[in-house]
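Colleague: I am new to reading models like this one. Could you walk me through how the labels are justified?

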Amino acid sequence: MDEEVELVLEEAKEHMDKALASLKLELHKIRTGRASTALLDGISVEAYGTQSPLNQLANLSVPDPRLIVVSPFDASTMGAIEKAIHASNLGLTPSNDGKVVRIPIPALTEERRKELVKQAKKMAEDHKVGVRDARREALNELKKMESDGLSKDDRHRGERSVQELTDAATKKIDEVTAQKESDILKV
């Protein structure tokens with residue numbers, strides 16, 4: 001196959017891999033009923049006159065499956081940390097004892113589990129759109145290359161390869177999402 005076609009395929013694969021990596025990151029933030037420090041990844045805390053990520057202000061640990069413990073490096077940030085966790089819309093209720101902030105992870109209700117599964121499926125669909133966008137861009141590039149002298153056969157081989165990449169990326173997105181759904185629905 002033509003070297004330019006290989007470049008188009010490489011670029012499409014790179015975009016599709018980024019969509020999958022992004023999905024994995026987002027799914028990691030969905031709560032499964034088990035404690036995970038990843039739940040707190042998006043939280044930023046107002047401390048020292050600026051917004052800082054929680055994990056830069058405290059040590060996060062999971063001593064048991066239903067509890068996250070936040071140990072601030074500076075005790076004066078404890079109130080701000082607690083306030084930021086409350087405001088995060090994660091449905092968590094932190095409590096502090098003056099030394100650490102404890103965040104009990106409540107068991108998920110059946111209704112909440114179904115909502116989280118829907119949320120995961122929507123995320124997956126959004127990332128599949130990213131994969132399809134990469135496919136469309138690659139196919140358009142191949143058509144443009146054909147008008148610039150690429151043979152019809154090379155274009156068709158390139159299109160087939162782009163479709164194979166798309167199918168593989170979509171399948172992987174489905175597998176990752178199914179695994180997350182299984183984790184969410186596990187009681």
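**From strands to helices**

Modeller: Happily! Strand 3 (residues 58-64) and strand 4 run antiparallel and are joined by 5 bridges. Keep in mind that this is a predicted model.

Colleague: What makes strand 3 and strand 4 a pair?

Modeller: Pairing takes at least two bridges. Strand 3 and strand 4 have 5 bridges, so they count as paired. For instance, N59 stands opposite S71 in strand 4. The two strands form a hairpin, with 2 residues between them.

Colleague: Which way does strand 4 run relative to strand 6, and how many bridges join them?

Modeller: Strand 4 and strand 6 (residues 101-104) run antiparallel, with 4 bridges between them. Among the partners, V70 is matched with V101 in strand 6. Strand 4 (residues 67-72) is also mostly covered, with 5 of its 6 residues buried.

Colleague: Why is A19 called buried?

Modeller: The cut-off for buried is under 20% relative accessible area. A19 has 11%, so A19 is buried. This residue lies in helix 1 (residues 3-28).

Colleague: Which residues farther along the sequence does A19 touch?

Modeller: Leaving out residues up to four places away in sequence, A19 touches H127 and V131. A19 and V129 are 110 residues apart in sequence, yet 8.9 Å apart in space, C-alpha to C-alpha.

Colleague: How do you know that the span of helix 4 agrees with its number of residues?

Modeller: Helix 4 (residues 110-147) has 38 residues, and at 1.5 Å a residue it should span 56 Å. Its end C-alpha atoms are 56 Å apart, so the two values agree. After helix 4 comes G149, with a positive phi near 120°.

Key
Residues numbered from 1 in each chain as written. Predicted model: local features only at pLDDT ≥ 70, side-chain atom pairs only at ≥ 80, totals over all residues. Heavy atoms only, no water. Buried < 20%, exposed > 50% of the residue type's maximum accessible area, 1.4 Å probe, protein only. Expected span 1.5 Å × (residues − 1). Contact = heavy atoms within 4.5 Å.
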